[in-house]
Amino acid sequence: MWLSFFIYSVLTALLPGPNNILALNSSMKLGYQKSKALLLGIYSGFTLVMVLTAFFTEFLLNSYGFFLNYLKYIGAGYLIYLTWSVISSKPSEIGFKQEEPLSSSAGNFWKGFLLQLVNIKIIIYGITAFSSFIFPQFKQLWIILVFAFVLSFVGNSATWIWAVAGEKLHKFLNRHYKVVNIIMGILLLYCAVSLFL
């Protein structure tokens, strides 16, 4: 069972999703250093969502399953907005010496953080992990919280891998930015459409 849990959590985290695509796009255009505020927002929001999912999985599934439908529409709308942002963006050379304005940094943090609150992929990721692997084996609060942080670590590690890939491949990706942006936009749009499949 734990091998299945490991395979599920790692593979699901590494698949293209809103976090991974946004991290790739940001570090490709701005570099890893300038993407740190966005990544910190993603990491913080992801961790919060995993903790909340740990506390409310059973409750949501048994009592308020309809809430996930509303969240799905909000998440799809935000993903469509991100799709447009990615497809319409232009490449920029990475300027490691330039400081990002504080307001832009704060905005990027909240962009990454708020994405997590409507990111149905990670909510389903958490609900599936807790309901299928963790709750059948454990009921102690501290163990549940440990698993929330383990799932957060796995998910955030995958996002970091995508961010590093965006920086390391930025010259190639900037040369072919139209194709790359369209592909990333299509993947984000697929994430939005898959919420209803």
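## Overview

Of the 197 residues in the chain, 49% count as buried. The model is predicted. The chain holds 9 helices and 0 strands. Read from the N terminus, its elements run α-α-α-α-α-α-α-α-α.

The accessible surface of the chain comes to about 10,500 Å². Carbon and sulfur atoms hold 72% of that surface. Sequence separation tells something about the contacts. Take those with a separation of 6 or more: residues 24 or more positions apart account for 90% of them.

## Helix H2

Helix H2 covers residues 18-30. How far apart are its end C-alpha atoms? They are 18 Å apart. At 1.5 Å a residue, the 13 residues of H2 should span 18 Å, so the two values agree.

H2 is mostly covered, with 12 of its 13 residues buried. Among them are Pro18, Asn19 and Asn20. The run of buried residues goes on with Ile21, Leu22, Ala23, Leu24 and Asn25. Ser26, Ser27, Met28 and Lys29 are buried as well. Just after H2 comes Gly31, which takes a positive phi of about 90°.

## A nonpolar patch on the surface

Which residues form the nonpolar patch on the surface? They are Leu48, Leu52, Phe55, Phe56, Phe59, Trp110, Leu114, Leu117 and Leu141. Together they have about 820 Å² of accessible area.

Two helices each supply at least two residues of the patch: H3 (36-63) and H5 (102-117). H3 gives the most, with 5 residues. Trp110, one of the patch residues, is found in helix H5. Is Trp110 buried, exposed or partly exposed? Its relative accessible area is 45%, so Trp110 is partly exposed. Buried would need a value under 20%, and exposed one over 50%.

## Aromatic pairs

How many aromatic pairs does the count give? The count comes to 9 aromatic pairs. One of them joins Phe109 and Trp110. Their arrangement is edge-to-face. The ring centres lie 5.1 Å apart, with 90° between the planes.

Phe138 and Phe147 form another aromatic pair, and this one is tilted. Here the distance is 5.6 Å centre to centre, and the angle between the planes is 35°. Phe138 has a relative accessible area of 22%, so Phe138 is partly exposed. Phe147 has 13%, so Phe147 is buried. The cut-off for buried is under 20%.

## The aromatic cluster and Phe147

Seen in a wider setting, Phe138 and Phe147 belong to one aromatic cluster. The cluster also includes Phe5, Tyr8, Phe46, Tyr125 and Phe133.

Phe147 lies in helix H7, which covers residues 141-168. Leu141, a member of the nonpolar patch, falls at the start of that residue range. What does Phe147 touch, leaving aside residues up to four places away in sequence? Its contacts are Trp2, Phe5, Phe130, Ile134 and Phe138. Phe5 and Phe138 are also in the aromatic cluster. Gly126 offers a further reference point. Phe147 and Gly126 are 21 residues apart in sequence. In space they are 9.8 Å apart, C-alpha to C-alpha.

Definitions and conventions:
Residues are numbered from 1 along each chain as its sequence is written. This is a predicted model: local features need pLDDT of at least 70, side-chain atom pairs count only at pLDDT 80 or more; totals for chains, interfaces and linings use all residues. Side-chain values use heavy atoms; hydrogens and water are left out. Patches are made of residues with over 30% relative accessible area and no salt bridge: like charges are joined within 9 Å, nonpolar side chains (Val, Leu, Ile, Met, Phe, Trp, Tyr) within 5 Å. Accessible areas come from the Shrake-Rupley method with a 1.4 Å probe; for residues, only the protein chains shown count as cover. A salt bridge is a side-chain nitrogen of Lys or Arg within 4 Å of a carboxyl oxygen of Asp or Glu. Helices (H or I, at least four residues) and strands (E, at least two) are DSSP runs, numbered from the N terminus. Buried means under 20% relative accessible area, exposed over 50%, partly exposed in between (1.4 Å probe, protein chains only). Contact means heavy atoms within 4.5 Å. Rings of Phe, Tyr and Trp (its six-membered ring) pair if their centres lie within 6.5 Å; planes under 30 degrees apart count as stacked, over 60 as edge-to-face and the rest as tilted. The expected span of a helix is 1.5 Å times one less than its number of residues.
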